[in-house]
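Hello,

Here is the structure I promised to pass on. Please open it first, then read my notes below.

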Amino acid sequence: MNKKEILLKALEDMIKIRIIEENISKEFKKNKVLSFLHLSIGQEACATGVAFGTKAQDNFFGNHRSHGHYLAKGGNISRMIYEVFGDNRGCCSGHGGSMHMLDKNVNFLGSVPILGSSLPIASGIAMSEKLKKKNNLTIVFIGDGSAEEGSFYETLNMAGLYKLPLLIVIEDNKYAVESDKFKRKVNGYDFKSIIEKGLKANYNRVDGQDFLKVFDASKKLRKKILKDKSVGVLHLDCLRFSKHSGAEISTKDQKSKYRKNEYFEIIKKDPIKILKQNIIRTGMSLIQIEKIINKLQKKYNKIFYTTFNKINIKKV
Ligand SMILES: Cc1ncc(C[n+]2csc(CCOP(=O)(O)OP(=O)(O)O)c2C)c(N)n1
Ligand SMILES: [Mg+2]
């Protein structure tokens, strides 16, 4: 694929994630989702960029906010929708719901909502891949809050010691629930130097709102980790548009006060807008791109409701 084709395919995947999540959100407001809901709207470039920069044979692990990780990995849209709404046609037979998805068909080996607990599990898979002499990478997505857990440092230490092909992707949206990273959680330590010098792992930090930067960084890290037999951390600065949990996705229903003013700045850095600018640089006009987006929105709205309308939601 040439650059323009890659960007257009990424556009499709990012619109897919957004439309599916917007529709889940609409149904959540009508009490149709029986579990917690954590939307990744605003963070689509992270999942998509890493999926494009790695290979189908690589493994993904997710967390409580993983619809985007699953879809970017090529997960089946209907199986995810069924799962979120507790239908037995879901990828985990409807028992897991939004926060517990697993689909071996696409090497999506599990989203684990207990923060930090996916890290040792992912290391075990990386160890297994190494013992089987497979040249595959295992990627585990965590949030900035989860990178403050002890298991993050323990995993980096052990995975480094055993030279495991493991990539930890930190989606750093600066908040854990409503706790501000800088005001309430982090004592100003030098994260880069702890990872690189302290734990001797590869480290790269890029703008997680820009698909191209995430794509490029994950491609390079994959190559380096597999070549040097070393672990890696990809630190992505990103922005979630929705509140931590629940359905609110627009400024109108943004009720939480903890980042009210900052929120208007945040939504200016829409990853889809940034991707559109990158596509324009390949020679396409904005009108052409908007036409494509319009078609994609219709396509994924239709796919969502074709599946959703087959679900008989049972109250528990
Ligand atoms: C061990 C543990 N403690 C607390 C929680 C409750 N909890 C769920 S999500 C979350 C915040 C996570 O923040 P972060 O890792 O930055 O991810 P984000 O939600 O920002 O994507 C918390 C505290 C949990 N699931 N697991
Ligand atoms: Mg966070």
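How many cavities of 30 Å³ or more does the structure hold? The structure holds one. Please keep in mind that this is a predicted model.

**The cavity**

The largest cavity has a volume of about 40 Å³. Its lining consists of S40, Q43, E44, A47, R65, G68, H69 and E171. Two helices each give at least two residues to this lining: α2 (44-53) and α3 (67-72). By class, the lining has one nonpolar, four polar and three charged residues.

**Ligand 1**

R65 takes us on to ligand 1. R65 is one of the residues that line the largest cavity, and R65 is also listed among the closest residues to ligand 1. In total, 14 residues surround this ligand. The closest are H64, R65, G145, S146 and Y175. Sorted by class, the shell holds six nonpolar, six polar and two charged residues.

Three polar contacts are worth finding on screen.

- R65 uses its side chain: an N or O atom there is 2.8 Å from an oxygen atom of ligand 1.
- Y175 uses its backbone: an N or O atom there lies 2.9 Å from an oxygen atom of ligand 1.
- L115 also uses its backbone: an N or O atom there lies 3.1 Å from a nitrogen atom of ligand 1.

How much of ligand 1 does the protein cover? On its own, ligand 1 has 580 Å² of accessible area, and the protein covers 73% of that.

**The magnesium ion**

Which residues are the protein donors of the magnesium ion, ligand 2? They are D144 (OD), N173 (OD1) and Y175 (O), lying 2.1 Å from the ion. Their spacing in sequence reads D-x28-N-x1-Y. D144 and Y175 link distant parts of the chain, 31 residues apart. D144 is in the loop between β3 (138-143) and α6 (150-161). Y175 is in strand β5 (residues 175-176).

Y175 is a good residue to finish on. Y175 is a donor to the magnesium ion through O, and a backbone N or O atom of Y175 lies 2.9 Å from an oxygen atom of ligand 1.

Over to you.

Best wishes

Technical notes:
Residues are numbered from 1 along each chain as its sequence is written. Chains are lettered from A and ligands numbered from 1 in the order in which they are written. This is a predicted model: local features need pLDDT of at least 70, side-chain atom pairs count only at pLDDT 80 or more; totals for chains, interfaces and linings use all residues. Side-chain values use heavy atoms; hydrogens and water are left out. A residue is near a molecule or strand if one of its heavy atoms lies within 4 Å of it. A polar contact is a pair of N or O atoms within 3.5 Å; within protein, one must be able to donate a hydrogen and the other to accept it, and residues adjacent in sequence count only if both atoms are side-chain atoms. Accessible areas come from the Shrake-Rupley method with a 1.4 Å probe; for residues, only the protein chains shown count as cover. Ala, Val, Leu, Ile, Met, Phe, Trp, Tyr, Cys and Pro count as nonpolar, Asp, Glu, Lys and Arg as charged, and the others, Gly among them, as polar. On a 1 Å grid over the protein atoms alone, a cavity is a set of points where a 1.4 Å probe fits but cannot get out, and a pocket is an open set with protein on both sides within 12 Å along at least five of seven lines; lining residues have an atom within 4 Å of a point. Grid points are joined across faces, edges and corners, and a volume is the space filled by probe spheres set on the points. Helices (H or I, at least four residues) and strands (E, at least two) are DSSP runs, numbered from the N terminus. Donors are N, O and S atoms within 2.8 Å of the metal (3.2 Å for Na, K and Ca); water is not among the atoms, so sites may look incomplete.
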